[in-house]
Number of protein chains: 2
Amino acid sequence: MPTHPLEEVLHPRSVAVVGASGTAGAWGYSFTRHLLDYGFRGQIYPVNPNYQEILGLKVYPSLIAIPEMVDYVISCVPAGEVLNMLAECLQKGVKVVHLYTARFSETGRRQAAELEQEVLRQARKSGIRLIGPNCMGLYYPKEGISFAYDLPKESGGVGMASQTGGGAAVFVQLAAMRGIRFSKVVSYGNALDLDESDYLDYFSQDPETRIIVVYIEGVKNGRKFFDTLRRVTASKPVIITKGGRGQSGARAAASHTASLAGTARTWRAVVAQAGALWAENFDEMTDLAVSFYFLPPIHGLRVGITGGGGGPSVLSADECEEAGLEVVPLPPEIREELKVKAHPIWDWVSNPVDVSILGGFGVTSTDMLQMMANNPSFDLLLANITEVPLARKEDSILRFRSETDGYIRIRKESSKPLLVVFGEKSLGVEDHNHWRWQLTSELRTKYIAANIPIYPSVARAARAARKLFDYCQRNECQHY
Amino acid sequence: MPTHPLEEVLHPRSVAVVGASGTAGAWGYSFTRHLLDYGFRGQIYPVNPNYQEILGLKVYPSLIAIPEMVDYVISCVPAGEVLNMLAECLQKGVKVVHLYTARFSETGRRQAAELEQEVLRQARKSGIRLIGPNCMGLYYPKEGISFAYDLPKESGGVGMASQTGGGAAVFVQLAAMRGIRFSKVVSYGNALDLDESDYLDYFSQDPETRIIVVYIEGVKNGRKFFDTLRRVTASKPVIITKGGRGQSGARAAASHTASLAGTARTWRAVVAQAGALWAENFDEMTDLAVSFYFLPPIHGLRVGITGGGGGPSVLSADECEEAGLEVVPLPPEIREELKVKAHPIWDWVSNPVDVSILGGFGVTSTDMLQMMANNPSFDLLLANITEVPLARKEDSILRFRSETDGYIRIRKESSKPLLVVFGEKSLGVEDHNHWRWQLTSELRTKYIAANIPIYPSVARAARAARKLFDYCQRNECQHY
């Protein structure tokens with residue numbers, strides 16, 4: 001397979017930040033600083049006639065003034081200066097310009113839209129590719145390029161194309177907290193030149209990318225998008241969130257990225273027909289990405305559930321069933337084992353396992369999950385740790401740590417998919433400092449380090465599992 | 001109105017813990033310790049022939065051995081000892097027994113179910129009321145009675161009747177983190193004597209309770225329940241979550257509280273006909289309780305939204321619209337004001353307000369929310385602070401703190417309902433110690449202290465707002 005044209009574009013030997021700034025807080029400052037912070041190994045050229053030095057780097061008055069060639073430009077200048085800048089880019093052999101620069105067609109103004117078209121014409125004529133305009137550009141940790149502070153510096157297998165930059169940065173943060181790392185993320189805004197189809201196509205060939213996520217507000221060439229999507233889904237899972245589904249959302253999308261939005265129903269149908277996965281929002285996108293990232297294929301729906309007291313167990317069963325999983329009764333072999341190990345409750349304990357009735361009867365939640373892992377009646381396992389520790393600090397810490405160690409051991413020894421549910425909480429200052437939530441953070445960290453996916457609720461875990469199952473029914477499924 | 005019979009039962013002058021224990025971690029220890037920790041002001045009598053002293057309290061070998069009368073008994077003895085204990089209760093003038101004791105009909109065993117019926121007969125004959133069996137009993141912070149560690153010691157206006165005890169304790173924790181406090185919570189398990197209708201009836205008359213929440217797995221007398229519910233909803237909002245909606249959930253409910261569950265469709269219809277509010281799970285129950293607790297009535301659907309960058313704004317519009325709110329365009333008066341204050345973006349900024357385009361143009365997110373608060377085109381306000389701070393630490397802290405102060409001022413000066421969205425996050429150890437999440441906790445605490453409800457997502461806030469609107473259409477609505 002020939003190298004994708006984007007491959008060279010995304011491996012620049014030098015980056016110039018045009019409109020660089022020495023004022024902390026300005027974007028021309030941040031883009032420069034990110035190159036330093038994330039360890040970009042090529043040349044960094046801040047460009048601004050009003051500075052001599054920014055962050056210890058020599059500043060050039062113009063692109064032309066840079067002594068060497070420049071591969072990649074980050075443009076932070078106002079829209080009115082872009083055409084002049086492009087002319088300089090041509091002289092310096094620039095391959096790609098990321099236009100952070102905004103206020104083009106998304107403003108809804110005719111003149112701005114015309115300027116945008118002129119920018120496109122000039123870039124095409126010069127053989128320069130454009131990312132954007134009106135976007136955050138590239139987060140590519142392996143190359144040391146980033147569009148936000150505090151994103152992970154390590155790489156992983158998820159590639160993202162996103163029509164929102166702030167949203168993409170939030171997504172990277174949230175997904176990172178659940179263990180995901182990224183190959184590269186492109187925020188592409190108005191998609192003037194390179195568009196969603198180009199990025200999809202690139203990710204499908206990119207050996208660093210195993211799973212593709214896309215946030216999209218609209219496409220200009222529907223046929224091209226559909227054909228590309230169908231081709232890409234044949235090799236890698238593609239998860240899509242669509243913004244601008246309703247009347248007001250479409251209006252917002254027009255003023256955000258000048259996108260023609262299309263109805264929700266059309267989009268759901270297109271995504272399904274192309275074999276991609278629909279995610280309602282970034283939360284569900286995270287759930288699905290986490291599932292593909294950590295879980296082996298799911299080939300059956302029979303789920304074994306541990307955890308939660310009585311009421312939460314009842315609701316777990318409801319929510320799993322409502323999501324399309326099968327909460328099967330405990331099989332006779334497990335009943336027999338319980339007769340021996342926990343006789344007083346052998347016929348009472350059930351699936352889901354109400355952990356509050358186990359105490360002192362010879363089996364723990366770990367034992368129960370182990371039995372279900374060993375038993376062919378279950379296709380997947382769900383451990384619900386949502387329960388807030390209600391017992392004494394000392395007892396809770398012991399119990400939860402030992403359960404975590406047990407579950408992690410089961411994950412290592414069993415080939416069955418294991419999903420762990422960990423409620424997210426609205427912590428206030430006092431909660432933040434409470435041992436209970438510090439314990440929760442400690443346990444989550446352990447699960448993630450053991451490559452176990454965590455989900456914020458049973459319902460969300462169950463829906464993700466069902467979608468992964470459906471996907472594996474239609475596709476050659478593997479552990480991505 | 002005559003005093004409700006439960007009123008006396010719930011204000012005991014003395015409590016005996018039968019089956020008290022000196023072993024930390026045992027429930028007979030915890031129930032005793034809670035009375036001390038939460039500051040019960042009456043007499044506390046631990047009962048156990050094997051101890052002289054527990055937690056500094058004199059222990060009695062039997063109920064009979066207690067020199068004074070006993071109002072309230074917490075029973076931690078095994079099921080087989082309950083009948084003997086009840087005989088002693090009769091002698092000591094006990095008014096109510098909370099049977100933490102379990103393993104009755106919920107085990108599915110005939111003998112256990114028969115014993116349960118015998119317990120009921122003997123209690124009725126003796127004029128003793130029963131809470132439970134198979135439940136956690138009472139959390140009544142004002143009286144110093146609790147069933148779990150670390151619940152709030154302050155009181156508030158929400159009363160809860162719950163067929164799950166662990167679930168109720170979790171609910172109290174989660175709701176407390178979002179600013180709710182409780183009048184009293186009853187976990188009532190198998191509902192052998194006092195049942196859901198009795199508690200509902202009590203809460204409707206209880207001046208300490210303004211909002212009622214109920215978790216229910218099944219009712220034995222459907223007619224009585226429906227009539228009670230309809231009567232109660234005439235005076236106070238009742239929010240109901242139903243466990244055991246599906247096949248496996250119903251099976252789990254049977255083994256949890258021996259409940260006959262009933263289908264989801266029937267239950268939804270019953271709840272709606274009776275004028276109560278249906279909550280799918282504890283998350284939605286919290287959202288609704290928070291809404292009634294903090295918001296004035298919602299009499300219109302036109303929502304003004306600030307916050308989030310471009311993509312999140314687009315999705316906010318979609319999610320509000322999908323929940324049945326109206327995301328109306330900015331009215332001409334606000335456009336005129338923007339012409340003066342922020343001319344370069346006067347025709348670009350929209351509702352939802354994409355905060356990422358405001359920078360440097362003369363208006364802040366607070367200004368925008370203020371304009372919408374002042375303008376009659378909006379019935380309610382939604383401020384989305386879900387965006388993870390992506391800028392530098394120093395800039396982020398300044399911006400988010402100043403926005404918080406501004407929003408809180410608007411809440412104080414405006415009569416419009418204001419809902420604040422604050423994403424919940426799955427923090428790991430390193431996140432926990434990061435300034436970003438410490439800042440989030442600080443801001444949440446400020447909002448709650450200002451009586452502003454927070455929600456974990458735009459979709460959940462919007463759904464809660466819509467349900468509150470619908471409720472206010474049907475009922476004389478007030479600020480509860």
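**Exercise 1. In this predicted model, work out in which order the strands of the open sheet formed by 4 strands of chain A lie, and which of them are the edge strands.**

Solution. Begin with the order of the strands, which in chain A runs β14-β15-β16-β17, with parallel pairing in this open sheet. Next, look for strands that pair on one side only: these are β14 (303-306) and β17 (454-455) of chain A, and they are therefore the edge strands. Then turn to one pairing inside the sheet, where β15 (residues 380-384) and β16 (residues 418-421) of chain A run parallel and are joined over 4 bridges. Within this pairing, A383(A) has V420(A) of β16(A) as its bridge partner. As background, strands of a sheet pair through backbone hydrogen bonds, in either a parallel or an antiparallel sense.

**Exercise 2. Describe how β14(B) pairs with β15(B), and state which way the residues of β14(B) point.**

Solution. The pairing comes first: β14(B) and β15(B) are parallel to each other and share 4 bridges. One position can be followed across the pair, since G304(B) stands opposite L381(B) in β15(B). For the directions, recall that in a regular strand the side chains alternate between the two faces of the sheet. In β14(B), V303(B) and I305(B) point one way, while G304(B) and T306(B) point the other way, and all of these residues are buried.

**Exercise 3. Identify the unit that β1(A), α2 and β2(A) make, and determine how many residues of β2(A) are buried.**

Solution. Strand β1 (residues 14-18) of chain A pairs with β2(A) in the parallel sense, over 5 bridges. A single bridge shows where they meet, for A16(A) has Y45(A) in β2(A) as its partner. Adding helix α2 (residues 27-37) of chain A to the two strands gives a β-α-β unit, which is right-handed. Finally, strand β2 (residues 43-47) of chain A is mostly covered, with 4 of its 5 residues buried.

**Exercise 4. Decide whether A169(B) is buried or exposed, and do the same for A464(A).**

Solution. The step needs one cut-off, namely that a residue is buried if 20 or more other C-beta atoms lie within 10 Å of its own. A169(B), which lies in helix α5 (residues 165-177) of chain B, has 25 other C-beta atoms within 10 Å and is therefore buried. Not counting residues up to four places away in sequence, A169(B) touches L390(A), M136(B), F147(B), A148(B) and L151(B).

A464(A) belongs to helix α17 (residues 458-474) of chain A, and this residue is buried because 26 other C-beta atoms lie within 10 Å. When neighbours within four places in sequence are left aside, the contacts of A464(A) are D287(A), L288(A), S291(A) and Y455(A).

**Exercise 5. Find which residues of helix α13 of chain B are buried, and which elements help to cover them.**

Solution. In helix α13 (residues 365-374) of chain B, the buried residues are S365(B), M368(B), L369(B), Q370(B), M371(B) and M372(B). The cover over the buried residues of α13(B) includes β14 (303-306), α12 (332-341), β15 (380-384) and α14 (393-413) of chain B.

**Exercise 6. Explain how chain A and chain B are related, and describe the side of chain A that touches chain B.**

Solution. Start with the superposition: a turn of 180° with a shift of 0.0 Å along the axis lays chain A on chain B with an RMSD of 0.0 Å. The two copies are therefore related as by a two-fold rotation axis. In chain A, the C-alpha nearest this axis belongs to E424(A), at 2.7 Å from it. The same surface serves both copies, as 100% of the contact residues of chain A recur in chain B.

Now consider the contact itself, in which 77 residues of chain A meet 78 residues of chain B. On the side of chain A, the elements that give two or more residues are α5 (165-177), α8 (247-257), α11 (310-322), α15 (429-432) and α16 (435-449). Of these, α11(A) gives the most, with 11 residues. Sorted by class, this side of chain A has 27 nonpolar, 31 polar and 19 charged residues.

Terms used: Residues are numbered from 1 along each chain as its sequence is written. Chains are lettered from A and ligands numbered from 1 in the order in which they are written. This is a predicted model: local features need pLDDT of at least 70, side-chain atom pairs count only at pLDDT 80 or more; totals for chains, interfaces and linings use all residues. A residue is buried if 20 or more other C-beta atoms lie within 10 Å of its own, exposed if 12 or fewer, and partly exposed in between; C-beta atoms are placed from the backbone. Two strands pair if DSSP finds at least two bridges between them. A crossover is right-handed if, with the strands pointing away from the viewer, the path from the first strand over the helix to the second runs clockwise. Two residues are in contact if their C-beta atoms, placed from the backbone, lie within 7 Å. Ala, Val, Leu, Ile, Met, Phe, Trp, Tyr, Cys and Pro count as nonpolar, Asp, Glu, Lys and Arg as charged, and the others, Gly among them, as polar. Copies are superposed by least squares on the C-alpha atoms of residues with pLDDT of at least 70 in both.
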